[in-house]
Amino acid sequence: MGLLDRFRKRREERESLWTKCPKCKSILYVPELSANLKVCPSCGYHFPMTAQERINSLLDQYALLFENLKPSDPLKFKDTKSYTERLKEASASTGLSEAMVVATGNMVDVKVTLAVMDFGFIGGSMGSVVGEKFYRACVMCAEENTPLVAVVASGGARMQEGILSLMQMAKTSIAVGFLKRKGIPYITVLTDPTTGGVSASFAFLGDIIVAEPGALIGFTGPRVIEQTIKQQLPEGFQTAEFLLQKGMVDMVVHRKELKGTLHRLLRMTTYWRQRWASR
């Protein structure tokens with residue numbers, strides 16, 4: 001079963017009052033699960049969250065940005081159905097116009113901009129509009145000296161846009177450079193899953209890279225890697241905990257501690273940036 005099919009199955013389960021934890025098989029009451037930030041109280045499994053849920057959990061007050069940017073179908077792509085049809089279906093099921101939502105607001109007492117991806121919109125894939133939204137967020141943060149936090153959940157580049165999608169890897173990487181040249185904090189939060197072209201671009205360029213427990217993180221899936229190198233992969237390969245052991249991420253943070261952790265990191269990085277600038 002593919003990543004998108006897994007997500008759709010979980011979405012259907014969440015629409016009822018009861019759902020089953022895929023890890024420990026506990027039967028959970030959905031309103032209580034939502035109040036617990038969609039973390040299983042029995043085993044700590046982190047259920048997927050929508051972009052709106054992410055923003056609500058991290059910002060105290062906010063405004064959405066760049067909502068006028070909407071995807072088109074420049075290549076007239078079609079397989080079993082047209083790209084235009086897929087966009088309409090994704091918009092109807094998620095209430096979004098794209099796989100990334102950008103919001104600016106306050107995280108406790110720190111002004112911050114969030115670039116949050118929603119896996120429910122065509123697998124959180126990165127097309128031209130996702131790249132443009134992220135680029136504009138970086139430019140705005142560089143101009144306003146505001147830190148940027150990217151919350152990533154993606155299956156990679158969007159094949160329906162071909163080379164236009166792959167170009168966003170370079171575009172978003174260049175945009176991060178604007179922040180680095182001005183010493184503006186950029187933190188990434190890698191959630192389940194973070195894969196493909198997104199992992200190979202802005203997701204791993206954060207000054208500090210945070211991951212949620214159990215998140216699948218990597219460029220391609222373990223099955224493809226095993227078939228390519230003809231070797232058995234280590235247990236837990238590509239999980240957040242495995243990458244932490246190998247030094248690929250800086251910390252693995254439980255979702256209920258994420259806001260507090262990000263706030264402390266932003267306060268710390270902003271403080272040292274101000275100290276450095278005053279020298």
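# Exercises on strands, rings and a pocket

Ring pairs link Phe-134, Tyr-186 and Phe-202 into a cluster. Keep in mind as you work that this is a predicted model.

**Exercise 1.** Work out whether the residues of strand 6 are buried or exposed, looking at each face in turn.

*Solution.*
- Start with the general pattern: in a regular strand, side chains alternate between the two faces of the sheet.
- Now take one side of strand 6. Leu-148, Ala-150, Val-152 and Ser-154 sit there, and all are buried.
- Flip to the other side, and you'll find Val-149, Val-151 and Ala-153, again all buried.
- Put the two sides together: seven of the seven residues of strand 6 are buried.

**Exercise 2.** Find which strands pair with strand 6, and trace how the chain gets from strand to strand.

*Solution.*
- Strand 5 (residues 110-117) pairs with strand 6 in the parallel sense, over four bridges. To spot this pairing, look for Thr-113 opposite Leu-148.
- Between these two strands the chain passes through helix 5 (residues 128-144), and this β-α-β crossover is right-handed.
- Next comes strand 7, which runs parallel to strand 6 and is joined to strand 6 by six bridges. Here Val-149 has Ile-187 as its bridge partner.
- Strand 6, helix 6 (residues 162-181) and strand 7 also make a right-handed β-α-β unit.

**Exercise 3.** Classify the ring pairs Trp-18 with Tyr-29 and Phe-237 with Phe-242.

*Solution.*
- You need two values, since a pair of aromatic rings is described by the distance of the centres and the angle of the planes.
- For Trp-18 and Tyr-29, the centres are 5.0 Å apart and the planes make 45 degrees, so with the limits at 30 and 60 degrees the pair is tilted.
- Trp-18 is in strand 1 (residues 18-20) and Tyr-29 in strand 2 (residues 27-29), so this pair ties together parts eleven residues apart in sequence.
- For Phe-237 and Phe-242, the values are 5.5 Å and 70 degrees, which makes the pair edge-to-face.
- Check the covering too: Phe-237 is partly exposed at 23% relative accessibility, while Phe-242 is buried at 15%.

**Exercise 4.** Describe the lining of the second largest pocket: which residues are closest to its centre, and which elements supply it?

*Solution.*
- The second largest pocket has a volume of about 280 Å³.
- It is lined by 22 residues, and Tyr-45, His-46, Asp-192, Pro-213 and Gly-214 are the closest to its centre.
- Helix 1 (3-14), strand 6 (148-154) and strand 7 (186-195) each give at least two residues to this lining.
- Sorted by type, the lining has twelve nonpolar, four polar and six charged residues.

Conventions. Residues numbered from 1 in each chain as written. Predicted model: local features only at pLDDT ≥ 70, side-chain atom pairs only at ≥ 80, totals over all residues. Heavy atoms only, no water. 1 Å grid on protein atoms, 1.4 Å probe; cavity = no way out; pocket = protein on both sides within 12 Å on 5 of 7 lines; lining within 4 Å. Points joined across faces, edges and corners; volume = space filled by probe spheres on them. Nonpolar A, V, L, I, M, F, W, Y, C, P; charged D, E, K, R; others polar. Buried < 20%, exposed > 50% of the residue type's maximum accessible area, 1.4 Å probe, protein only. Pairing = 2+ DSSP bridges. Right-handed = clockwise from strand over helix to strand, strands pointing away. Phe/Tyr/Trp six-rings, centres within 6.5 Å; stacked < 30°, edge-to-face > 60°.
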